[in-house]
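User: I am new to this structure and would like a close look at a single part of it. Please pick one strand, describe its surroundings, and then place that strand in the whole.

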Amino acid sequence: MKKLNLAMKKCMLFIAIVLVVCEVSGKSDNRKYKTEQGKWRHEKTLVIPAVQEATYGDSYLVLNPELRIFSSKKLKTELHVLSDYLINELGKKVIISKHPSEADIVLSCDHYKKESENYGLVINEKGIHLNASSSAGIYYGIQTLRQLIHGRDTIPQIVINDAPTYPIRSLMLDEARHFKGKKVVKQLLENMARLKMNTFHWHLTDDQGWRIEIKKYPKLTEIGGVRDSTEISHFHSNVFDGKSHGGFYTQADIREIVAYAQQRHIQIIPEIEIPGHASAAIAAYPWLGTQVEPIRVPCNFGVHYNVYNVADPKVFEFFNDVIDEIIDLFPGKIIHIGGDEVRYDYWKASADIEQMMKEKSIKSFPELQVWTTNRMAQLLKRKGRRMMGWNEITGDQINDYQRETVSRPDFQLEKESIVQFWKGDKELMKKIASEGYDIINSANDYTYMDYSYASIPLQKAYGFNPIPAGFPQEYHKQVKGISCQVWGEFMPTVEKMNQMVYPRIAAYAEVGWTRPENKNWETFKQALCEIQKEWHKAGILYYEDAENLNPEWEQAINDFKAARLARPSTNQYNWQEMERAMFIQLDPATIQRGEYDNGTTPMKDICFPLLDVYQWTKAAKSWGAKEIIFMLAHSGGFCMWPSKTTDYHIGNTPYKGGNGDVVKEFAEACRKDGLYAGFYCWAPHPQEEQEDTNTVGYSRIDKVKTRQQSNKILQTRLEEITERLGSDLIREVWIDQPRKASIGKVLEELTPFAVFAAVGCHDPYPTIRWPGNEKGMVSDPCWSVTTWERMSKKASSQFEADANQTQVADNPDGDYWAPHEADVPLHDHFWHMRPEALKKRRSVEQLMECYINSVGRNSFLIVNCAPQADGSVHPDDMKRYEEFGCEIEQRFGHPITTVEKMTDEVFIVTLPQPQRIQYTDLWEEYRYGHRIREYRIEGWDTVLNKWCLLSEGTAVGRRKIDEIKKSPIIDKIRVKIIKNIGAPMIRKFMIH
């Protein structure tokens with residue numbers, strides 16, 4: 001105990017001395033710090049949000065492979081967060097220490113203050129000490145530490161004293177318009193927490209949907225949670241998608257999400273709209289409205305006329321009942337009642353409302369709204385909660401359809417109410433503050449993330465100050481924070497939402513945490529690069545060009561003519577951007593010199609003595625592959641990891657003395673060399689179904705009799721594989737011959753960032769397709785779209801079922817995005833290595849033909865690598881992969897010229913000089929669908945002085961390479977988009 005007190009006193013003394021130094025040195029850009037030598041050091045605290053105060057030492061701390069952590073007892077959650085990071089992302093071994101003097105990292109929480117979010121972080125030659133007055137402060141200090149480490153083993157020695165500028169740093173998610181689901185909300189909460197945002201404002205009800213289960217009123221979700229169709233493109237477009245949309249959170253879901261948020265020190269503020277934006281509730285229970293007659297849940301967006309009938313006592317009973325269930329679910333002290341954009345037309349037409357207003361001497365409809373709002377504020381106060389609402393709750397009229405005023409001075413909003421200021425000028429905000437209200441600044445022209453990047457570019461978001469210039473000093477304390485809003489009307493997909501949220505969320509996080517004098521735009525951009533790597537790793541499709549805005553490009557993105565086109569998911573897009581992968585095929589069949597494992601090789605002879613997984617990663621990187629797909633279990637059933645499902649696995653062989661696990665080794669090599677992983681796994685067939693298949697070869701475990709047993713084996717294998725690889729590393733899953741297997745939910749949970757391939761599978765349906773050959777090529781045109789009807793079709797034969805999921809089913813106007821993946825063995829017709837395969841090694845020219853006719857035709861390319869029986873890759877194969885990579889780089893790595901982001905149907909590109917060309921290379925921004933349906937590329941013949949045809953085609957997609965076999969000497973090229981759906985979006989056009 002004496003050692004503990006002594007260590008703590010020394011640490012706190014050191015922090016105190018450093019803080020004095022910080023104070024004396026002044027408040028300059030917090031990412032430039034003076035050292036003892038008086039020199040400036042840059043870019044060492046690339047942390048978002050930027051810290052308030054920091055001072056550097058003169059050296060670095062090196063993190064050992066084994067780290068001891070001491071933690072105060074009240075910090076169990078935070079200890080788990082830090083340990084999980086060190087183990088799973090840095091590969092460290094963590095030991096929990098009983099004494100701080102023995103620890104490399106100390107987490108201490110003294111003088112506990114629940115509301116405090118401050119923390120102090122000291123990194124010196126003795127280790128890391130993180131101290132705070134609350135678990136929240138420790139949690140935020142860990143987030144800073146994560147960013148300081150950035151995946152490295154060295155950290156600059158530094159002392160940080162940090163605290164938030166505002167107590168509320170909020171993000172609002174509107175799910176009433178488009179339901180997203182638990183997985184999406186949790187991912188958003190995780191990224192908020194990493195950026196030290198502490199409030200999640202959850203907009204759960206509106207005209208277009210009611211998204212939370214209320215047990216006393218089940219029709220709110222049964223009827224109010226579903227609409228027939230959805231308006232697309234823009235407000236008042238009167239164009240609809242024709243698809244039903246619904247979804248809601250059960251109370252069990254809500255409790256799960258609330259607990260998830262609490263672990264990350266995020267309070268959730270639920271929003272239940274009162275008295276306007278009430279159509280969904282009134283559709284469920286018509287008696288709630290002033291008109292009484294039944295209505296449907298609206299399909300169009302904008303401000304609707306339906307309002308609650310606040311003259312009816314039963315309506316307030318409804319409010320009370322709903323609030324009781326809300327309070328039971330959300331432990332936070334604040335509940336949001338909306339209160340915005342109330343149209344008074346239906347109140348004006350109601351005799352009940354007119355009579356009540358006379359009885360209560362309410363002179364105007366704004367007064368009626370304030371009266372209603374105050375009843376809610378009083379109701380919430382009695383239940384131990386505080387009310388929050390948009391700034392119309394004050395009675396101020398800020399919309400063009402609201403022009404009445406509050407005339408009675410006694411009709412004032414309850415003083416304990418929190419006003420979320422979203423619309424109006426500085427003077428209106430000053431008026432609200434002068435009346436004593438706390439304010440959350442959510443100014444729409446700075447914080448609404450449904451606005452395009454042209455309207456709110458990243459730098460504008462970053463430059464927002466919740467306290468406007470010239471705002472009176474005496475009211476500063478009443479501005480309690482910032483909220484950024486994700487309004488969901490025109491964010492139907494997770495991909496669209498993520499593009500609008502990321503990277504602006506990082507800017508708003510820094511606005512809420514860091515004092516303006518400690519912010520710096522240039523260093524923020526540098527720090528953002530590291531954060532974006534994490535987003536990419538998590539499969540988040542963020543907006544990449546937030547700084548380099550192109551108004552025409554922004555306009556093309558939102559072209560309503562293309563709104564109905566099928567589009568890729570984030571997983572599909574990130575996968576296709578990798579372009580190429582290597583496949584590893586090694587199992588006992590290699591030893592048997594066959595294509596299928598016949599089970600005849602004794603376990604003592606399965607050894608692979610020269611197997612080196614780093615040779616695989618070297619081979620893959622040499623030709624530009626970004627992923628390796630490893631065949632972990634083929635038809636023979638041999639598992640390349642110790643599996644509980646069978647004794648036929650690598651752990652029962654002489655490989656590494658019986659302690660081998662090739663899958664773990666493979667994962668470590670991929671992580672170290674910066675490659676993603678995929679895996680191939682054969683699905684065992686139960687005996688009751690084998691007569692219905694034409695599969696060659698069955699594994700030893702295929703003795704199972706029923707589909708239920710087979711599914712259990714496959715699920716267990718998938719769990720074992722993903723535990724070894726890590727879900728963040730896996731980008732592709734191949735399940736061969738699954739037929740009637742039901743593994744959709746399992747795969748979604750185990751491999752959340754992966755695409756899925758399986759011929760003939762219907763649970764889940766594949767998200768990528770095989771073109772129907774093993775030549776490494778697809779036919780032209782190659783569309784990434786088919787139809788749900790065809791993918792889900794119950795075929796009369798297996799051949800027909802397979803065809804449903806190959807290139808035969810392409811349909812550019814279809815509704816199911818499923819791009820193609822071409823595959824080819826390095827040795828013609830040989831997937832496993834055997835001596836005769838060496839004579840069939842493909843030439844560089846043959847491999848280039850595959851590349852151009854797969855990647856260059858909007859497909860992904862897999863090239864197989866077949867190690868030898870000893871586990872090594874043949875030296876000549878290694879050489880061929882390297883030659884292949886060099887040839888790709890030589891032909892396509894140095895374009896003659898490039899243009900980007902073109903939306904014109906005709907444009908001309910001038911060459912640096914007259915010359916012959918070999919290839920045109922057209923890239924479509926396919927994340928917004930197959931818009932280009934026909935194109936023509938012409939060159940200006942400098943001899944004949946006229947335009948001549950170079951190439952033409954239909955499908956473009958990610959990339960379309962056309963070889964120009966007889967090019968004239970040209971000095972410019974004209975690209976014509978002959979046919980398109982909506983504005984064409986040409987990501988780039990290159991000439992080689």
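Analyst: Strand β22 (residues 580–584) and strand β30 run parallel, joined by 5 bridges. This is a predicted model. One pairing along that edge can be named: Ile584 has Cys865 of β30 as its bridge partner. Strand β29 (residues 820–825) is also parallel to β30, and here 6 bridges make the connection. In this pairing, His820 is matched with Ser859 of β30. Between β29 and β30 the chain passes through helix α28 (residues 844–852), and the resulting β-α-β crossover is right-handed.

Strand β30 itself spans residues 859–865, and 7 of its 7 residues are buried. The cover is on both faces. One side carries Ser859, Leu861, Val863 and Cys865, while Phe860, Ile862 and Asn864 lie on the other. Two of the residues on the first of these sides have already appeared as bridge partners: Ser859 for His820, and Cys865 for Ile584.

For the wider setting, the protein has 29 helices and 38 strands. Of its 992 residues, 61% count as buried. Among contacts with a separation of 6 or more, 75% are between residues 24 or more positions apart. The accessible surface is about 39,700 Å², and carbon and sulfur atoms account for 49% of that area.

A helix elsewhere in the chain can be read in a similar way. Helix α22 covers residues 662–672, and its buried residues are Val662, Val663, Glu665, Phe666, Ala667, Ala669 and Cys670. In an α-helix there are 3.6 residues a turn, so residues three or four places apart point the same way. The elements covering the buried residues of α22 include helices α21 (613–622) and α24 (707–725), together with strands β23 (627–633) and β24 (676–682). Just after α22 comes Gly674, with a positive phi of about 70°.

A loop residue gives a further example. Ser452 sits in the loop between α13 (444–447) and α14 (458–462). Ser452 counts as buried because its relative accessibility is 17%, and the cut-off for buried is under 20%. Apart from neighbours within four places in sequence, Ser452 contacts Met500, Arg504 and Glu554. Pro551 is 99 residues from Ser452 in sequence, yet their C-alpha atoms are 9.6 Å apart in space.

How values were computed. Residues numbered from 1 in each chain as written. Predicted model: local features only at pLDDT ≥ 70, side-chain atom pairs only at ≥ 80, totals over all residues. Heavy atoms only, no water. Helix = DSSP H or I, 4+ residues; strand = E, 2+ residues; numbered from the N terminus. Buried < 20%, exposed > 50% of the residue type's maximum accessible area, 1.4 Å probe, protein only. Contact = heavy atoms within 4.5 Å. Areas by Shrake-Rupley, 256 points an atom, 1.4 Å probe, with all protein chains shown as cover. Pairing = 2+ DSSP bridges. Right-handed = clockwise from strand over helix to strand, strands pointing away.
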